[in-house]
Amino acid sequence: MSYKRVIVYDFETNGFFCEKTQPIEVCVKIIEDGKIDYYHSYINIRDGFNYVPYNIVDLTGITKQILDEKGRNIRDVFSNLYEIFNQEGNFVVGYNIMTFDNKFLEREFKAIGKDMPSLNFFDCQ
């Protein structure tokens with residue numbers, strides 16, 4: 001199979017376990033036809049996940065104030081991500097995505113009524 005696009009992505013989250021945390025930032029690089037597009041968003045913290053622990057602030061530099069000021073609604077962000085990921089010919093690359101980041105993709109796509117797209121992944125871990 002030939003790939004039309006390479007997508008490199010990463011989440012920052014407010015914790016280390018998917019079941020108890022949520023993404024607070026996403027960065028996506030889309031490489032297609034020799035050009036690089038970029039998608040980035042901070043994500044508002046929703047009920048039940050409404051904190052950013054000190055160790056996460058130290059690790060990422062992302063504070064609750066940044067999320068309150070610049071964060072977007074999680075449903076809107078994942079609707080945008082679904083449009084990026086749900087295209088034929090994507091090859092997705094990331095670090096630790098198979099055991100961490102993809103769990104967030106799958107959970108949040110399901111929350112907006114979408115199935116996880118069938119994708120080809122390469123985990124650099």
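Is Glu108 buried or exposed, and what is its relative accessible area? Glu108 is buried, at 3% relative accessible area. The views below come from a predicted model.

**View 1. Glu108 pairs up with Arg107.** Here the two side chains meet in a salt bridge, and the closest N and O atoms sit 2.9 Å apart. The partners differ in cover: Glu108 is buried at 3% relative accessible area, while Arg107 counts as partly exposed at 23%. This is one of the 3 salt bridges counted in the structure, and the other views of ion pairs follow below.

**View 2. Glu32 and Arg5 bridge two strands.** The salt bridge between these side chains has an N to O distance of 4.0 Å. Glu32 belongs to strand β2 and Arg5 to strand β1, so to speak a link between distant parts of the chain, with the two positions 27 residues apart. Going by cover, Arg5 is buried at 8% relative accessible area, whereas Glu32 is partly exposed at 31%.

**View 3. Lys64 and Asp68 form a salt bridge inside one helix.** Both residues lie in helix α2, 4 residues apart, which is about one turn of the helix. Their side chains come to 3.0 Å, N to O. Lys64 is partly exposed, with a relative accessible area of 35%.

**View 4. A nonpolar patch sits on the surface.** Val8, Ile31 and Ile36 make up this patch, and together they offer about 240 Å² of accessible area. Zoom in on Ile36 and you are in strand β3, which covers residues 35–42. Ile36 is exposed, at 59% relative accessible area.

**View 5. Gly71 sits in the loop between α2 and α3.** The flanking helices take in residues 64–70 (α2) and 74–85 (α3). Despite the loop address, Gly71 is buried, with a relative accessible area of 17%; the cut-off for that label is under 20%. Leave aside the neighbours within four places in sequence, and Gly71 is in contact with Tyr42, Ile43, Asn44 and Ile66. Glu25 is also worth picking out: it lies 46 residues away from Gly71 along the chain, yet the two C-alpha atoms are separated by 8.3 Å.

**View 6. Asp33 has a positive phi.** Its phi is near 55 degrees, and Asp33 is not a glycine. You'll find Asp33 in the loop between β2 (23–32) and β3. Asp33 counts as exposed, at 71% relative accessibility.

**View 7. Asn96 also carries a positive phi.** For Asn96 the value is about 65 degrees, again in a residue that is not a glycine. The loop here runs between β4 (90–94) and α4 (97–111).

**View 8. Phe17 is an exposed aromatic in a loop.** The loop in question joins β1 (5–13) and β2. At 55% relative accessibility, Phe17 counts as exposed. Asn73 makes a handy reference point: Phe17 and Asn73 are 56 residues apart along the chain, and their C-alpha atoms are separated by 21 Å.

**View 9. Two cysteines, Cys27 and Cys124, stay unpaired.** The structure holds 0 disulfides. Cys27 is in no disulfide, and its nearest cysteine sulfur, on Cys124, is 14 Å away. Why is that pair not counted as a disulfide? Because a disulfide needs sulfur atoms within 2.5 Å, and these two are 14 Å apart. Cys27 counts as partly exposed at 25% relative accessibility, and Cys124 counts as partly exposed at 43%.

**View 10. Zooming back out, the whole chain has 4 helices and 5 strands.** Along the sequence the pattern reads β-β-β-α-α-α-β-α-β. The radius of gyration is 14 Å, close to the 14 Å that the globule rule gives for 125 residues, so the chain is as compact as a globular protein of that length. The C-alpha trace spans about 45 × 30 × 25 Å along its principal axes. Buried residues account for 41% of the 125. Among contacts with a separation of 6 or more, 68% come from residues 24 or more positions apart. As for the outside, the accessible surface comes to about 7400 Å², and 49% of that belongs to carbon and sulfur atoms.

Technical notes. Residues are numbered from 1 along each chain as its sequence is written. This is a predicted model: local features need pLDDT of at least 70, side-chain atom pairs count only at pLDDT 80 or more; totals for chains, interfaces and linings use all residues. Side-chain values use heavy atoms; hydrogens and water are left out. Patches are made of residues with over 30% relative accessible area and no salt bridge: like charges are joined within 9 Å, nonpolar side chains (Val, Leu, Ile, Met, Phe, Trp, Tyr) within 5 Å. Accessible areas come from the Shrake-Rupley method with a 1.4 Å probe; for residues, only the protein chains shown count as cover. Buried means under 20% relative accessible area, exposed over 50%, partly exposed in between (1.4 Å probe, protein chains only). The radius of gyration is taken over C-alpha atoms; the globule rule is 2.2 Å times the number of residues to the power 0.38. Contact means heavy atoms within 4.5 Å.
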